[in-house]
Amino acid sequence: MSIHDVRVDVMEPVEFARLVKRTPIEELRQVLNGERRTEILDHLIGGMPSAFRPEVAGRTRAVVHWRIGDRPDGGVDSYEMVIADGVCTLSPRAEGKPQLTLDLAAADFVRLVTGNAHAIMLVMKGKLQTRGDLALTARFPKLFAAPRP
(Lines give C-alpha, C1' and ligand atoms only; values in the text may rest on other atoms or scores of the structure.)
Protein backbone atom coordinates (compact mmCIF):
# COMPACT_ATOMS: atom_id res chain seq x y z
CA MET A 1 0.00 0.00 0.00
CA SER A 2 1.34 3.42 -0.98
CA ILE A 3 0.46 6.88 0.26
CA HIS A 4 -0.16 7.81 -3.39
CA ASP A 5 -3.28 5.73 -3.73
CA VAL A 6 -4.86 5.21 -0.29
CA ARG A 7 -8.23 6.61 0.67
CA VAL A 8 -7.56 8.44 3.91
CA ASP A 9 -11.28 8.79 4.60
CA VAL A 10 -11.68 5.03 5.07
CA MET A 11 -8.42 4.26 6.88
CA GLU A 12 -8.19 3.94 10.63
CA PRO A 13 -5.98 6.71 12.11
CA VAL A 14 -3.41 4.22 13.43
CA GLU A 15 -3.21 2.49 10.04
CA PHE A 16 -2.65 5.84 8.29
CA ALA A 17 -0.05 6.80 10.92
CA ARG A 18 1.85 3.58 10.19
CA LEU A 19 1.72 4.31 6.47
CA VAL A 20 3.11 7.82 7.08
CA LYS A 21 5.85 6.34 9.28
CA ARG A 22 7.14 4.07 6.52
CA THR A 23 6.80 6.65 3.73
CA PRO A 24 10.03 8.52 2.94
CA ILE A 25 9.72 12.26 3.59
CA GLU A 26 10.40 13.14 -0.06
CA GLU A 27 7.55 10.87 -1.20
CA LEU A 28 5.26 12.46 1.39
CA ARG A 29 6.22 15.93 0.12
CA GLN A 30 5.54 14.84 -3.45
CA VAL A 31 2.01 13.65 -2.58
CA LEU A 32 1.31 16.84 -0.63
CA ASN A 33 2.40 18.96 -3.59
CA GLY A 34 -0.14 17.19 -5.79
CA GLU A 35 -3.88 16.99 -6.25
CA ARG A 36 -4.41 15.00 -3.01
CA ARG A 37 -3.04 17.75 -0.73
CA THR A 38 -6.39 19.29 0.24
CA GLU A 39 -8.04 15.90 0.73
CA ILE A 40 -5.30 14.73 3.10
CA LEU A 41 -4.95 17.98 5.05
CA ASP A 42 -8.72 18.43 5.42
CA HIS A 43 -9.11 14.85 6.61
CA LEU A 44 -6.34 15.11 9.19
CA ILE A 45 -7.37 18.50 10.57
CA GLY A 46 -10.98 17.29 10.54
CA GLY A 47 -10.03 14.37 12.77
CA MET A 48 -8.45 16.54 15.44
CA PRO A 49 -11.67 17.23 17.40
CA SER A 50 -12.11 13.50 17.95
CA ALA A 51 -8.50 13.28 19.22
CA PHE A 52 -9.07 16.23 21.57
CA ARG A 53 -8.59 15.44 25.25
CA PRO A 54 -11.06 17.65 27.18
CA GLU A 55 -9.90 16.22 30.51
CA VAL A 56 -6.42 17.63 29.80
CA ALA A 57 -7.73 20.92 28.37
CA GLY A 58 -9.74 21.74 31.46
CA ARG A 59 -10.88 25.36 31.21
CA THR A 60 -8.60 26.21 28.30
CA ARG A 61 -10.12 28.77 25.95
CA ALA A 62 -8.14 29.55 22.84
CA VAL A 63 -8.22 30.27 19.15
CA VAL A 64 -5.40 28.49 17.32
CA HIS A 65 -4.45 29.10 13.71
CA TRP A 66 -2.69 26.42 11.69
CA ARG A 67 -0.75 27.77 8.70
CA ILE A 68 0.37 24.88 6.54
CA GLY A 69 2.84 26.07 3.96
CA ASP A 70 4.70 24.91 0.89
CA ARG A 71 1.62 24.85 -1.30
CA PRO A 72 2.54 24.47 -4.99
CA ASP A 73 1.32 28.03 -5.68
CA GLY A 74 3.49 29.40 -2.86
CA GLY A 75 0.58 30.03 -0.51
CA VAL A 76 -0.53 28.47 2.75
CA ASP A 77 -3.55 26.48 3.83
CA SER A 78 -5.07 28.06 6.92
CA TYR A 79 -7.32 26.45 9.48
CA GLU A 80 -8.80 27.80 12.67
CA MET A 81 -9.30 25.69 15.77
CA VAL A 82 -11.33 26.94 18.71
CA ILE A 83 -10.99 25.31 22.10
CA ALA A 84 -13.65 26.28 24.63
CA ASP A 85 -15.82 24.62 27.26
CA GLY A 86 -14.11 21.25 26.78
CA VAL A 87 -14.80 21.16 23.04
CA CYS A 88 -12.57 21.58 20.00
CA THR A 89 -14.17 22.93 16.81
CA LEU A 90 -12.71 23.77 13.40
CA SER A 91 -13.18 26.29 10.66
CA PRO A 92 -11.61 26.22 7.19
CA ARG A 93 -11.01 29.96 7.51
CA ALA A 94 -8.72 31.57 10.07
CA GLU A 95 -10.83 34.61 11.02
CA GLY A 96 -10.63 34.96 14.82
CA LYS A 97 -7.81 36.58 16.78
CA PRO A 98 -5.45 33.70 17.64
CA GLN A 99 -3.78 33.10 20.98
CA LEU A 100 -1.45 30.72 19.13
CA THR A 101 -0.35 30.44 15.50
CA LEU A 102 1.47 27.35 14.25
CA ASP A 103 3.39 27.52 10.94
CA LEU A 104 4.87 24.42 9.32
CA ALA A 105 5.23 22.57 6.03
CA ALA A 106 2.55 20.10 4.97
CA ALA A 107 4.74 17.00 5.36
CA ASP A 108 5.74 18.08 8.87
CA PHE A 109 2.08 18.72 9.74
CA VAL A 110 1.13 15.22 8.54
CA ARG A 111 3.98 13.68 10.51
CA LEU A 112 3.09 15.71 13.63
CA VAL A 113 -0.63 14.90 13.77
CA THR A 114 -0.05 11.22 13.03
CA GLY A 115 2.39 10.89 15.93
CA ASN A 116 5.44 10.50 13.68
CA ALA A 117 7.08 13.77 14.74
CA HIS A 118 7.27 15.62 18.02
CA ALA A 119 6.41 19.31 18.26
CA ILE A 120 9.44 20.15 20.41
CA MET A 121 11.83 18.55 17.93
CA LEU A 122 10.16 20.34 15.02
CA VAL A 123 10.54 23.66 16.87
CA MET A 124 14.18 22.92 17.71
CA LYS A 125 14.91 22.12 14.05
CA GLY A 126 13.14 25.30 12.89
CA LYS A 127 10.42 23.34 11.08
CA LEU A 128 7.59 24.52 13.34
CA GLN A 129 7.27 28.19 14.14
CA THR A 130 4.95 29.27 16.93
CA ARG A 131 3.66 32.73 17.77
CA GLY A 132 1.54 33.69 20.70
CA ASP A 133 0.84 32.40 24.20
CA LEU A 134 3.94 30.51 25.39
CA ALA A 135 2.07 28.58 28.09
CA LEU A 136 -0.49 27.42 25.52
CA THR A 137 2.33 26.55 23.12
CA ALA A 138 3.87 24.24 25.72
CA ARG A 139 0.54 22.58 26.60
CA PHE A 140 -0.93 22.36 23.11
CA PRO A 141 0.51 18.97 22.01
CA LYS A 142 -0.83 17.35 25.19
CA LEU A 143 -4.38 18.43 24.33
CA PHE A 144 -4.58 15.80 21.58
CA ALA A 145 -4.12 12.03 21.56
CA ALA A 146 -2.05 11.29 18.46
CA PRO A 147 -2.28 7.79 17.00
CA ARG A 148 0.65 5.60 17.97
CA PRO A 149 2.11 4.09 14.80
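Two strands count as paired if DSSP finds at least two bridges between them. Helices (H or I, at least four residues) and strands (E, at least two) are DSSP runs, numbered from the N terminus. With that settled, H65 has E80 in β2 as its bridge partner.

A word on the source. This is a predicted model, in which local features need pLDDT of at least 70 and side-chain atom pairs count only at pLDDT 80 or more, while totals for chains, interfaces and linings use all residues. Residues are numbered from 1 along each chain as its sequence is written, and side-chain values use heavy atoms, with hydrogens and water left out.

I stay with the strands for now. Strand β1, residues 62-69, runs antiparallel to β2, and 7 bridges join them. On to β3, residues 87-91: this strand pairs with β2 over 5 bridges, also in the antiparallel sense. One of the bridge partners here is T89 in β3, which goes with V82. β2 and β3 form a hairpin with 2 residues between them, and D85 in the turn has a positive phi of about 55 degrees.

How many of the 8 residues of β2 are buried? The count is 6, so strand β2, residues 77-84, is mostly covered. Buried means under 20% relative accessible area, exposed means over 50%, and partly exposed is in between, with a 1.4 Å probe and protein chains only.

Next, helix α2. L28, V31 and L32 are buried in this helix. Seen down the axis of α2, these buried residues fall within an arc of 95 degrees, so they line one face of the helix. The arc is that of the directions from the helix axis to the C-beta atoms. What do the buried residues of α2 pack against? They pack against α1, α3 (37-46) and α6 (106-113). Contact means heavy atoms within 4.5 Å. The face turned away from the buried side of α2 carries the exposed residues E26 and Q30.

Just before this helix is T23, in the loop between α1 (13-22) and α2 (25-32). T23 is buried, because its relative accessible area is 10%. Leaving aside neighbours within four places in sequence, T23 is in contact with I3 and L28.

Now the charged pairs. A salt bridge is a side-chain nitrogen of Lys or Arg within 4 Å of a carboxyl oxygen of Asp or Glu. By this rule there are 12 salt bridges. One of them joins R29 and E26, at 2.5 Å from N to O. Both residues lie in α2, 3 residues apart, about one turn of the helix. R29 is partly exposed at 27% relative accessibility, and E26 is exposed at 51%.

In α6, R111 and D108 meet in a salt bridge at 3.5 Å, N to O. They too are 3 residues apart, about one helical turn. Is D108 buried or exposed? D108 counts as buried, because its relative accessibility is 6%. R111, at 25%, counts as partly exposed. Elsewhere, salt bridges that share partners join R37, D70, R71, D73 and D77 into one network. Within this network, the closest N and O atoms of D77 and R71 are 3.5 Å apart. D77 is buried at 15%, whereas R71 is partly exposed at 26%.

Last, helix α7, residues 119-124, where M121 is found. M121 counts as partly exposed, because its relative accessibility is 40%.
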